[in-house]
Amino acid sequence: MNKRERIFSVKQINFHYLVLLLLILIVTGVMAVRSPYFLTGSNLQVLIDTFIMEAIMALGMTMVIISGGIDLTIAGILPFSSIVLALLLMNKVPFAAAVLLVLLAAAVIGTITNTLRRSLHLHPMVVTMAIAAVLKGVDLTITGGSAISGLPDSFVRLGSVRILGMPVSWIVYIILAIIFLYFSKNNRWFLQVFFVGGNEDAARLSGIKVEALYRNVYIISASLAAVAGILTAITYSSASYSYGTNADLRVITTVAIGGTSLTHGGSGSVAGTLLGTLFMAIIYNAFVMSGISTYYQDVVTGAFLILAVLLSEGIKVLKERKS
Amino acid sequence: MKRKIALGLTLAVLASGLAGCGNAAPQTSGTGGAAKSEELYSMVVFTKGAEYFNWCYAGMKDAAASIGDHITVELQGPAEWDASLEARTVEQVTAKNPTGILVASADETTLNAAIGKALDAGIPVIGFDSDAAESGRLSYVGTDNYDFGATAAKSMAEMLGGEGEVAICMVPGAIAQEERAEGFKNWLEENAPDIKVVSELNDEGDVAKSETVCTALLQSNPNIKGIFSTHGYGAPGAAAAARTLNMLENVVIIGSDYSSAVIELLQSGDIEGTVVDDPYLIGYEAFMLAYAAAHPTAVPSANPPFGHVPPVIYGGSQLLTGEMLEDEAVLAKYQNPPAVN
């Protein structure tokens, strides 16, 4: 990449970020004026709590989408993980072992997802949608539709644990976000994901183990969905097949708004996803705070998604035309 | 140039979206009076957009209107049936510091912490329709499902002349439905012992599945004289099964709740009745309780610092028949549910 191209691509990402930041500031400003409760400590806490699970899953989804794929299994893995964790705990399995077993199960599911994708030559959207459907059916069968409660007291108390004033889910997210952000710039494997997503054949020819990389990407995404499911069970001291419904759409929207391209692999960033996460969290909170109708909410979210995609794709076209 | 267009478009959409916020309608209504401080009451439901909850909200709006125009009401909640999303909505609503919250819980446990936090913040919480009994909510307004089942049993007994074999179609594990089935069976045992419940089928709450299990039922047991479905999708399925087997004349079908499919079948006579409860009344009374809880009197209540509320109010249920639908006014009510934006 010559100097001019590198500068241009930096400008491309920066422009997208600038627009996002501007939108974030505008919405925050408008809401702060409209509602005296928007900038209160309790609302800001709630704002984060409302979107923290999606935030965690968005980190894994970013890598999947950059690799050229997509993962709809998360909407099935989240409730499945909360249910399996609850059942293990109620059967006196120690907490650490139960968590490890759940993560292992998710890794297995991620592996199965990738194997089906590869061996059946199916688009990841189809495979992951099917697996999510199976998992949701399993969830309903296991729980019979009711929520699982009556979890051990020690587990229930975890929901009130605060480290530095923050719940466990926030701490987990902060650690994961830092890891992903740092690694996406400095870790060889993460950088390989960009390469494979951009040009799978070139990556393969240059010696990268492409199949192993795809498998790991789906394992990571599945594992993060399991983490979200575990944290959800902790937060609500309960497990239900209903958790995570449509979370896949919210997570994918977050990643797309952050600038990661859904149509071309190899393009995107964790930093963009972090900004997209902040934006979505604010928007969802603003919806409830302002009391606007659900129908407007869907229109607004959809509009922003379209704009985000147009922005990132439009800039790409501009770049290609110039070079 | 393209960047400017993109930026301009973005800001335009944003501006119009937020302008839409300005017209968004938390509803205010009612007669004027002495200046009173503004109050906000939030109704939080799951599957927002569902007709049943729109009725509840209509009741809440009218109740608020009858008190005064200083009261604003709003309807919040996720469009999907996700209890964790609904719990988060309750927390978001709590952060707005409303005067009261009415909540229909997506399940019995997930919202407990969020409801507890609202109560700790001094906001009265009234449960309605689907209860979270252990959340500490001050009161519950809903349907007595045992009574609901008993209403069905009474009608079934009348239509069958007091004897025969009947079956129940339901979703096992759904608490409201278990209670309706229980109420149905108990009433029959006590009042029409010659009517025997010979089968309880799981139709998974789905009309196609209901048709399948009812077909199997009627084929294996042609003596079945009546089928009761504890939810809204069972009766159309049972009717389809009976029609295919040419047994519509011999089988009395009574459903629960209503939908346009059920209304049509009632009018054509394929099903003999459906038990309906009163979501409008439930929403109306739930609001009144929230208002009462937010306005304690000089005499301390059982839930200080909140005002006096009873532990539970049931909205009652009745049988809706095709005959009743011949009245234009009644038909209009069931065919034109309130629209909520």
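These legends walk through several close-ups of a predicted two-chain model.

Local features here need pLDDT of at least 70 and side-chain atom pairs count only at pLDDT 80 or more, while totals for chains, interfaces and linings use all residues. Residues are numbered from 1 along each chain as its sequence is written, and chains are lettered from A, with ligands numbered from 1, in the order in which they are written.

**Figure 1. Chain A, a mostly helical count: 13 helices and two strands.** Helices (H or I, at least four residues) and strands (E, at least two) are DSSP runs, numbered from the N terminus. The C-alpha trace of chain A spans about 65 × 55 × 35 Å along its principal axes. Its radius of gyration is 20 Å, which agrees with the value near 20 Å for a compact globule of 323 residues. That radius is taken over C-alpha atoms, and the globule rule is 2.2 Å times the number of residues to the power 0.38. In chain A, 47% of the 323 residues count as buried. Buried means 20 or more other C-beta atoms within 10 Å of the residue's own, exposed means 12 or fewer, and partly exposed is in between, with C-beta atoms placed from the backbone. Take the contacts of chain A with a separation of 6 or more: residues 24 or more positions apart account for 81% of them. A contact needs two C-beta atoms, placed from the backbone, within 7 Å.

**Figure 2. Where chain A meets chain B, with 44 residues from each chain in the contact.** On the chain A side, the elements giving two or more residues are helix H1 (3-34), helix H2 (41-66), helix H10 (210-236), helix H12 (270-290) and helix H13 (294-322). H13(A) supplies the largest share, 10 residues. By type, that side of chain A divides into 21 nonpolar, 22 polar and one charged. For the bookkeeping, Ala, Val, Leu, Ile, Met, Phe, Trp, Tyr, Cys and Pro count as nonpolar, Asp, Glu, Lys and Arg as charged, and the others, Gly among them, as polar.

**Figure 3. A look along H13(A), a helix of 29 residues.** The end C-alpha atoms of H13(A) sit 42 Å apart, which agrees with the 42 Å expected at 1.5 Å a residue. The expected span is 1.5 Å times one less than the number of residues. Several H13(A) residues are buried, including Val300(A), Phe304(A), Leu307(A), Leu311(A) and Ile315(A).

**Figure 4. Inside the largest nonpolar core, a set of 147 residues.** Such a core is a set of buried Ala, Val, Leu, Ile, Met, Phe, Trp, Tyr and Cys residues joined through C-beta atoms within 7 Å. Met57(A), Met60(B), Leu102(B) and Phe287(B) touch the most other members. H10(A) gives the most to this core, with 17 residues. Leaving aside neighbours within four places in sequence, Met57(A) is in contact with Ile74(A), Leu224(A), Ala225(A), Ala228(A), Ala247(A) and Val251(A). Another core, apart from the largest one, has 44 residues, among them Ile168(B), Met170(B), Leu217(B) and Ile271(B).

**Figure 5. Chain B and its two assigned domains.** Chain B has 11 helices and 13 strands, and 50% of its 341 residues count as buried. Domain 1 covers 30-142 + 279-310, and domain 2 covers 145-277; these bounds come from an automatic or database domain assignment. The C-alpha centres of the two domains lie 34 Å apart.

**Figure 6. Around Thr274(B), in strand S11 (residues 273-277) of chain B.** Thr274(B) is buried because 27 other C-beta atoms lie within 10 Å. Not counting residues up to four places away in sequence, it touches a group including Ala235(B), Ile254(B), Asp257(B), Tyr258(B) and Leu320(B). Gly322(B) is 48 residues from Thr274(B) in sequence, yet the C-alpha to C-alpha distance is 9.3 Å.

**Figure 7. Backbone oddities in three loops.** Most residues other than glycine have a negative phi, and most peptide bonds are trans. Asn246(A), not a glycine, has a positive phi of about 65°. Asn246(A) sits in the loop between H10 and helix H11 (247-257) of chain A, and counts as partly exposed because it has 13 C-beta neighbours inside 10 Å. Asp129(B) also has a positive phi, near 60°, in the loop between strand S5 (125-128) and strand S6 (139-142) of chain B. Asp129(B) is buried, with 24 other C-beta atoms within 10 Å. A cis peptide bond, with omega about 0°, joins Pro304(B) and Pro305(B). Pro305(B) lies in the loop between helix H10 (279-294) and strand S12 (312-314) of chain B.
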